[in-house]
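The exercises that follow ask you to work from a set of coordinates towards a description of the fold. Try each task on the structure before reading its solution.

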Amino acid sequence: MVPIGEMIGKYRKRKHVPQRTCVGCRQVLPKRTLVRIVRTQEGVLVDQSGKKPGRGAYLHDRRSCWERGLKGTLAHALKTEITAKDLEELLAFMGTLPDETSASE
Ligand SMILES: [Zn+2]
């Protein structure tokens, strides 16, 4: 009989999903459920491709996390100041997000 711990380990290894932390609520989640924000030469912007080079941080696609992030945790995570111009872009993106996801976590 195979020890159950060994079997669980095998299954865990088989399906590795990259995990990232939402800087709004600090929840750790699969990368694809989060929106990447990247610090580039041009400033801080939303990286919808998820592939832009630069220091990145992640936020849920829901408004409450963005509000918290834009109040300070995002700038902290990116180790930069977010300019008024960048903030405007980020707020515009936030405006397209739902208030709260109906799906309970
Ligand atoms: Zn969040």
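**Exercise 1: the core**

Task: In this predicted model, find which residues touch the most other members of the largest nonpolar core.

Solution: The largest nonpolar core holds 15 residues, and those touching the most other members are Cys22, Val23, Ile37, Tyr58, Leu59 and Leu74. Turning to secondary structure, two or more residues of this core come from each of strand 3 (34-40), strand 5 (55-60), helix 2 (63-78) and helix 3 (84-94). As a last step, take Leu59 and set aside its neighbours within four places in sequence: its contacts then include Cys22, Val23, Ile37 and Leu74, and Leu34, Val35, Cys65 and Trp66 are also among them.

**Exercise 2: the chain as a whole**

Task: Describe the order of the secondary structure elements and set the radius of gyration against that of a compact globule.

Solution: Begin by counting the elements, which come to three helices and five strands, and then read them along the sequence, where they follow the pattern α-β-β-β-β-β-α-α. The radius of gyration of the chain is 17 Å, whereas a compact globule of 105 residues would have one near 13 Å. Along the principal axes, the C-alpha atoms fill a box of roughly 65 × 35 × 20 Å, and buried residues make up 18% of the chain.

**Exercise 3: a residue after helix 3**

Task: Decide whether Gly95 counts as buried or exposed.

Solution: First locate Gly95, which lies in the segment after helix 3. Because a residue is exposed if 12 or fewer other C-beta atoms lie within 10 Å of its own, Gly95, with 9 such neighbours, counts as exposed. Finally, the C-alpha atoms of Gly95 and Ile8 are separated by 42 Å, the two residues being 87 apart along the chain.

Terms used. Residues are numbered from 1 along each chain as its sequence is written. This is a predicted model: local features need pLDDT of at least 70, side-chain atom pairs count only at pLDDT 80 or more; totals for chains, interfaces and linings use all residues. A nonpolar core is a set of buried Ala, Val, Leu, Ile, Met, Phe, Trp, Tyr and Cys residues joined through C-beta atoms within 7 Å. A residue is buried if 20 or more other C-beta atoms lie within 10 Å of its own, exposed if 12 or fewer, and partly exposed in between; C-beta atoms are placed from the backbone. Helices (H or I, at least four residues) and strands (E, at least two) are DSSP runs, numbered from the N terminus. Two residues are in contact if their C-beta atoms, placed from the backbone, lie within 7 Å. The radius of gyration is taken over C-alpha atoms; the globule rule is 2.2 Å times the number of residues to the power 0.38.
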